[in-house]
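Student: I'd like a close look at one part of this model. Please keep it brisk and tie that part to its surroundings.

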Amino acid sequence: KAGRVTKIPTVIVRIVVKAKPLNIPAPAQNKGNIAATVVKKAVKIIALLLIPGVLLTVFFGKYILLFFGKNYSQEGYMFLNLLAFSGVFVSINSIFSSIFRIERRVKELIFMSFIGASVILALSYFFLARGLLGIGIAWIIGNAIVSLVYFVLSFRRKGLKEKKSIS
């Protein structure tokens, strides 16, 4: 189930990309501006879904987990909150992943998958003594690191493009 939830931002980006009426003004219809417009629309849609989801999880998650028992609710609530807040990073990663796919940056996508899996597994092992909460901490830190690396790779490439156009 967790895998399905993390795919939601990717699905939203794809829906926005495939939507017929993009309403892009004629002068802005070059490849870079279309990608920027699609990303802006995807971010708005993700925010509209993610913010209420996180708030509902924070305020009502404890009560929902009580259906599974008091012990499950106590330990699971903090874990659920960590997963809810990590949705921000997962969404960022998903948007960048979609952009990298559009730009056919396959080597960087493979690198990012490797980095993400390695960091999350290593941190999970390190925080294993903390139980389920440790796994949640590893998940949110790992996704935050992946988001940071995506930002660096994205802006590094933009900087290289600008240097080439100046030369």
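How much area does the protein chain expose, and what share of it do carbon and sulfur atoms supply? Then go to Glu 108 in helix H5. Which side chain does Glu 108 meet in a salt bridge, and which residues is Glu 108 in contact with, leaving aside neighbours within four places in sequence?

Tutor: The protein chain exposes about 11400 Å², and carbon and sulfur atoms supply 71% of that area. Accessible areas come from the Shrake-Rupley method with a 1.4 Å probe, and for residues only the protein chains shown count as cover.

This is a predicted model, and residues are numbered from 1 along each chain as its sequence is written. Local features need pLDDT of at least 70, side-chain atom pairs count only at pLDDT 80 or more, totals for chains, interfaces and linings use all residues, and side-chain values use heavy atoms, with hydrogens and water left out.

Start with the overall build. The chain has six helices and zero strands. Both are DSSP runs numbered from the N terminus: helices are H or I with at least four residues, strands are E with at least two. From the N terminus the elements read α-α-α-α-α-α. Of the 167 residues, 33% count as buried. Buried means under 20% relative accessible area, exposed over 50%, and partly exposed in between (1.4 Å probe, protein chains only). Among contacts with a separation of 6 or more, 65% link residues 24 or more positions apart. Contact here means heavy atoms within 4.5 Å.

Now to Glu 108. It sits in helix H5, residues 106-126. Its relative accessibility is 16%, so Glu 108 counts as buried. Its salt-bridge partner is Arg 105, at 2.4 Å from N to O. A salt bridge is a side-chain nitrogen of Lys or Arg within 4 Å of a carboxyl oxygen of Asp or Glu. Side chains of opposite charge can pair when their charged atoms come close. The two side chains also share a polar contact of 2.4 Å. That term means a pair of N or O atoms within 3.5 Å; within protein, one must be able to donate a hydrogen and the other to accept it, and residues adjacent in sequence count only if both atoms are side-chain atoms.

Arg 105 is buried too, because its relative accessible area is 4%. Arg 105 has a further partner: its side chain meets Glu 103 in a salt bridge of 2.9 Å, N to O. Glu 103 is partly exposed, at 35% relative accessible area. Shared partners join Glu 103, Arg 105 and Glu 108 into one salt-bridge network. The structure's count is two salt bridges.

Next, what else touches Glu 108? Leaving aside neighbours within four places in sequence, Glu 108 contacts Phe 100, Leu 153, Arg 156 and Arg 157. Phe 100 leads on to the rings. One aromatic cluster takes in Phe 96, Phe 100, Tyr 150, Phe 151 and Phe 155.

The structure holds six aromatic pairs. Rings of Phe, Tyr and Trp (its six-membered ring) pair if their centres lie within 6.5 Å; planes under 30 degrees apart count as stacked, over 60 as edge-to-face, and the rest as tilted. Phe 96 and Tyr 150 are stacked, because their ring centres are 5.6 Å apart and their planes lie at 5 degrees. Phe 96 lies in helix H4 and Tyr 150 in helix H6 (residues 132-166), so this pair ties together parts that are 54 residues apart in sequence. Phe 96 is buried, at 10% relative accessible area. Tyr 150 is buried as well, at 5%. Phe 151 and Phe 155 form another stacked pair, with 6.1 Å between centres and 0 degrees between planes. Both belong to helix H6, four residues apart, about one turn of the helix. Phe 151 is partly exposed at 35% relative accessibility, and Phe 155 is partly exposed at 49%.

So where does the cluster leave us? Glu 108 is buried along with Arg 105, and its contacts include Phe 100, a member of the aromatic cluster.
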